[in-house]
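Subject: Structure handover

Hello,

Here is the structure for you to look at. My notes follow below it.

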Amino acid sequence: MGPLIPNGVIPYEWSNIIAIIIGIAFGFILEASGFSSSRKLAGVFYGYDFAVLKVFFTAALVSLIGILYMDYLGYLDMSALYVHPTYLWGAIIGGAIMGVGFVAGGFCPGTALTSVAIGKIDAIIYVVGIMVGVFIFSELFTLFQPIYEGSFMGNITLMDSLGVNRYWFVFLFTALAIVIFKLSDMIRKRTKKIFY
Amino acid sequence: MKTEKQKNSHMYWNPYFGGFLLGILILFTFYMTGRGLGASGAMKSSVVTIVDTVTHSHAEANEYYSKFIKDNESPMNNWLVFETLGVLIGAFISGGLSNRIGWRVQHSPKITRKRRLVFALGGGILFGLGAQIARGCTSGAALSGMAVLSTGGFITMLGIFGTGYLVAYFFRKNWI
């Protein structure tokens with residue numbers, strides 16, 4: 001029963017090898033989907049290319065539904081999975097700062113790495129920028145500490161916060177995604193084409 | 001011949017196909033390791049390693065760096081660092097197969113190369129800062145968090161895209 005490495009089905013020593021293999025697949029998928037192009041990524045904010053939206057939400061839904069099925073069929077213990085912790089204001093403020101960075105730079109860290117791999121100099125500068133950002137955060141840690149450690153709500157899920165049924169939520173989220181995908185196609189048809 | 005090549009280099013996968021494979025990969029990652037994917041973690045490890053190498057006492061005294069420094073192993077000995085090495089290899093293979101490899105600065109014809117690089121640096125700094133405050137980036141917090149329905153993951157996702165749309169108007173000259 002999964003997860004395999006924490007449960008000792010696969011020895012811990014394999015974890016770094018598996019990390020590289022997973023990384024190769026991750027990089028390949030992102031690059032092949034066009035995420036090494038900042039102009040394609042930025043399209044989601046201006047309506048001329050919705051690849052980010054489609055890839056991102058399709059991936060989230062496939063993994064969400066997949067985890068539910070694997071748990072249901074007994075291959076994976078859902079309660080053993082790591083749930084990203086919720087620090088309410090950290091998530092809001094951090095997310096907002098990242099949003100500005102995304103539109104200004106045209107990348108997020110993962111997509112910038114795929115772009116570095118194919119030699120784009122703007123992506124290399126962007127990654128240097130990320131490291132400078134991490135450095136600034138660390139050096140001024142005492143300043144950011146209240147946001148970083150404050151408003152901790154635990155490793156909660158939407159089931160705890162909204163009190164909804166897991167299966168209904170995923171069903172409605174899927175339906176919403178399909179509507180959004182259709183809408184995005186309609187918006188793209190009305191937007192002036194950008195060639196890049 | 002040349003134009004043929006040019007055309008091919010901009011042929012990307014169908015986004016639903018890419019998204020489907022990415023979802024399967026996230027599922028596989030959770031099945032294997034019990035955690036999701038990440039990207040900014042390796043850059044944090046790199047910064048910690050650089051600071052630790054340059055001035056060990058300063059890194060130990062800092063409350064943030066010291067979280068990631070262990071006595072007997074390097075901060076680079078980390079799952080995310082190996083995963084990131086894989087990302088670079090995988091993207092290089094994909095780019096190589098589609099003739100997309102080459103040194104260049106990609107920018108809109110309406111802006112200069114210099115302007116693009118300045119905004120890339122600034123955007124990177126902001127993203128690096130935000131990813132530390134939110135404890136993860138689009139991959140680690142938003143995408144992997146959403147896969148397990150983490151409230152924080154959903155909020156971070158809404159924060160990133162919501163703010164992106166809010167400020168997109170001010171950066172429009174860079175892109176359209």
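Start with the contacts inside chain A. Of those between residues at least 6 apart in sequence, 66% join residues at least 24 apart. For chain B, residues 24 or more positions apart account for 51% of the contacts with a separation of 6 or more. Please keep in mind that this is a predicted model.

**The two chains**

Chain A has 9 helices and 0 strands. From the N terminus on, its elements read α-α-α-α-α-α-α-α-α. The C-alpha trace of chain A spans about 50 × 45 × 35 Å along its principal axes. The chain has 196 residues, and 49% of them count as buried.

Chain B also comes to 9 helices and 0 strands. Along the sequence, chain B follows the pattern α-α-α-α-α-α-α-α-α. Its C-alpha atoms fill a box of roughly 55 × 40 × 35 Å, again along the principal axes. Chain B has 176 residues, with 55% buried.

**The interface**

How many residues of chain A are in contact with chain B? The count is 108, and they meet 108 residues of chain B. On the chain A side, eight helices each supply at least two residues: helix 1 (15-32), helix 2 (38-46), helix 3, helix 4 (88-105), helix 5 (109-117), helix 6 (121-139), helix 7 (141-149) and helix 8 (158-162). Helix 1 of chain A gives the largest share, 17 residues. By class, this side of chain A has 73 nonpolar, 30 polar and 5 charged residues.

**The core**

The largest nonpolar core holds 106 residues. Ala60(A), Leu143(B) and Ala147(B) have the most contacts inside it. Which helix supplies the largest share of this core? That is helix 3 (residues 51-72) of chain A, with 11 residues.

**One helix pair**

Helix 3 of chain A meets helix 7 (residues 138-147) of chain B. Their axes come within 7 Å and cross at roughly 35°. Helix 3 of chain A brings Phe56(A), Ala59(A), Ala60(A), Ser63(A), Leu64(A) and Ile67(A) to the contact. Helix 7 of chain B brings Leu143(B), Met146(B) and Ala147(B). By class, that contact has 8 nonpolar, 1 polar and no charged residues.

Leu143(B) is worth selecting in your viewer. Leaving aside neighbours within four places in sequence, Leu143(B) is in contact with Phe56(A), Ala59(A) and Ala60(A) on chain A. On chain B, its contacts are Ile26(B), Gly36(B), Leu37(B) and Thr138(B).

Best wishes

Definitions and conventions
Residues numbered from 1 in each chain as written. Chains lettered and ligands numbered in written order. Predicted model: local features only at pLDDT ≥ 70, side-chain atom pairs only at ≥ 80, totals over all residues. Core = buried A, V, L, I, M, F, W, Y, C linked by C-beta atoms within 7 Å. Buried ≥ 20, exposed ≤ 12 C-beta atoms within 10 Å, placed from the backbone. Helix = DSSP H or I, 4+ residues; strand = E, 2+ residues; numbered from the N terminus. Contact = placed C-beta atoms within 7 Å. Nonpolar A, V, L, I, M, F, W, Y, C, P; charged D, E, K, R; others polar. Axes fitted to C-alpha atoms, helices over the stretch in contact; angles between N-to-C directions.
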